[in-house]
Amino acid sequence: MTAQLLDGKATAAAIRQELAERVAKSTAITGRAPGLGTVLVGDDPGSHAYVGGKHRDCAQVGIASLRRELPADASQQQVEETIDELNADPACTGYIVQLPLPRHLDASAVLERMDPAKDADGLHPVNLGRLVLGVEAPLPCTPRGIVELLRRHDVPLTGARVCVIGRGVTVGRPIGLLLTRRSENATVTLCHTGTKGLAWHVREADIVVAAAGSPGLITKDMLRPGAAVLDVGITRTDRGLVGDIHPDAAQVAGWLAPMPGGVGPMTRAMLLTHVVEAAERNANAV
Ligand SMILES: Nc1nc(=O)c2c([nH]1)NC[C@@H]1CN(c3ccc(C(=O)N[C@@H](CCC(=O)O)C(=O)O)cc3)C=[N+]21
């Protein structure tokens, strides 16, 4: 067997087309295109590349770009002033603070200073709290992108056994909250570096979400034949970008979201979706 493709690249392109129509409508009502702000501190080439990709996506769907770039030695106060400015700017519909921030900065204090209504990443503590409570809010982009990718490929979620590997705040920690909502109704096991018998947990799963940042961690012998496998890991090596799923896994999996071309483009599409949803809320208030 060779796995069917969970094609994040094509799915994200389809979502961008849908969003372009919605942007045109909300812009007609409010008289202003939605704007995505990005706050980028320092000169990490990876971060610059990611932020560049987000603004390319914006241009495609008619969202304006508000780029804020600060030097690697920017002070906490400088970063917080940038946050205050975006909170107050009516041209900024939603924004993100590109993570990680340089180590001398207090990232939690920066995130908490954001207006939760402008949180395009769904990572503001108020919005994460709303996710726990089941109150509507922008969702973390990668988990929402994963659910959307599975839905659009008709991978069944109700009753599915999902094994998540990794407990990071952007993916592993929140995805269980999405997938165990009544509307998704999956059963989720969260594995991490302290897990005993990882292979056993993975083999039980109908859906495997690998978000550990450990290259080639999930091998074909660990998988239940036919499982849907999603690669969320990205590690930069001298061989280029390497995911958490070993390439051989495609021989056993029923579905595969590869890296690149799987979850990454979906994450970006969900970021745009949050900006459009915020713009539509603004248009409804007109
Ligand atoms: N506040 C914040 N929000 C984020 O969402 C955020 C962040 N900080 N910091 C870094 C991580 C990483 N991340 C990626 C998003 C898309 C791709 C993506 O589109 N990847 C392409 C390949 C890109 C390439 O070739 O470099 C793909 O998988 O096909 C990758 C990584 C978002 N992050």
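**Exercise 1.** In this predicted model, determine whether glycine 168 is buried or exposed or in between, and describe its surroundings.

*Solution.* Step 1: count the neighbours. Glycine 168 has 15 other C-beta atoms within 10 Å. Step 2: apply the cut-offs. A residue is buried at 20 or more such atoms and exposed at 12 or fewer. Glycine 168 is therefore partly exposed, with its count of 15. Step 3: locate the residue. Glycine 168 sits in the loop that links β5 (161-165) to α7 (172-179). Step 4: list the contacts. Once neighbours within four places in sequence are set aside, Arg173 and Ala211 are in contact with glycine 168.

**Exercise 2.** Find which residues UniProt lists under "binding site", and work out the setting of isoleucine 234.

*Solution.* Step 1: read the record. The unreviewed UniProt entry lists Gly166, Arg167, Gly168 and Ile234 under this heading. Step 2: place isoleucine 234. The loop between β8 (228-231) and β9 (235-237) holds isoleucine 234. Step 3: classify isoleucine 234. Because 18 C-beta neighbours lie inside 10 Å, isoleucine 234 counts as partly exposed. Step 4: list the contacts. Leaving out residues up to four places away in sequence, isoleucine 234 touches Leu241, Gly243 and Met259.

**Exercise 3.** Examine the peptide bonds from leucine 99 to proline 100 and from methionine 259 to proline 260, and locate each proline.

*Solution.* Step 1: take the bond between leucine 99 and proline 100. This bond is cis, with omega at about 0°. Proline 100 belongs to the loop between β4 (94-97) and α4 (107-113). Step 2: take the bond from methionine 259 to proline 260. This bond is also cis, and omega is near 0°. The loop between β11 (255-257) and α9 (263-284) contains proline 260. Step 3: link back to Exercise 2. Met259, on the N-terminal side of this cis bond, is one of the residues that isoleucine 234 touches.

**Exercise 4.** Describe the backbone phi and the exposure of aspartate 154 and asparagine 185.

*Solution.* Step 1: read phi. Aspartate 154 has a positive phi of about 55° and is not a glycine. Asparagine 185, likewise not a glycine, has a positive phi of about 60°. Step 2: place the residues. Aspartate 154 is in the loop between α6 (141-152) and β5, while asparagine 185 is in the loop between α7 and β6 (187-191). Step 3: classify them. Aspartate 154 has 8 other C-beta atoms within 10 Å, so it is exposed. Asparagine 185 has 13 and is therefore partly exposed.

Technical notes. Residues are numbered from 1 along each chain as its sequence is written. This is a predicted model: local features need pLDDT of at least 70, side-chain atom pairs count only at pLDDT 80 or more; totals for chains, interfaces and linings use all residues. UniProt positions are given in the numbering used here, feature names are shortened, and annotations may be inferred rather than shown by experiment. Helices (H or I, at least four residues) and strands (E, at least two) are DSSP runs, numbered from the N terminus. Two residues are in contact if their C-beta atoms, placed from the backbone, lie within 7 Å.
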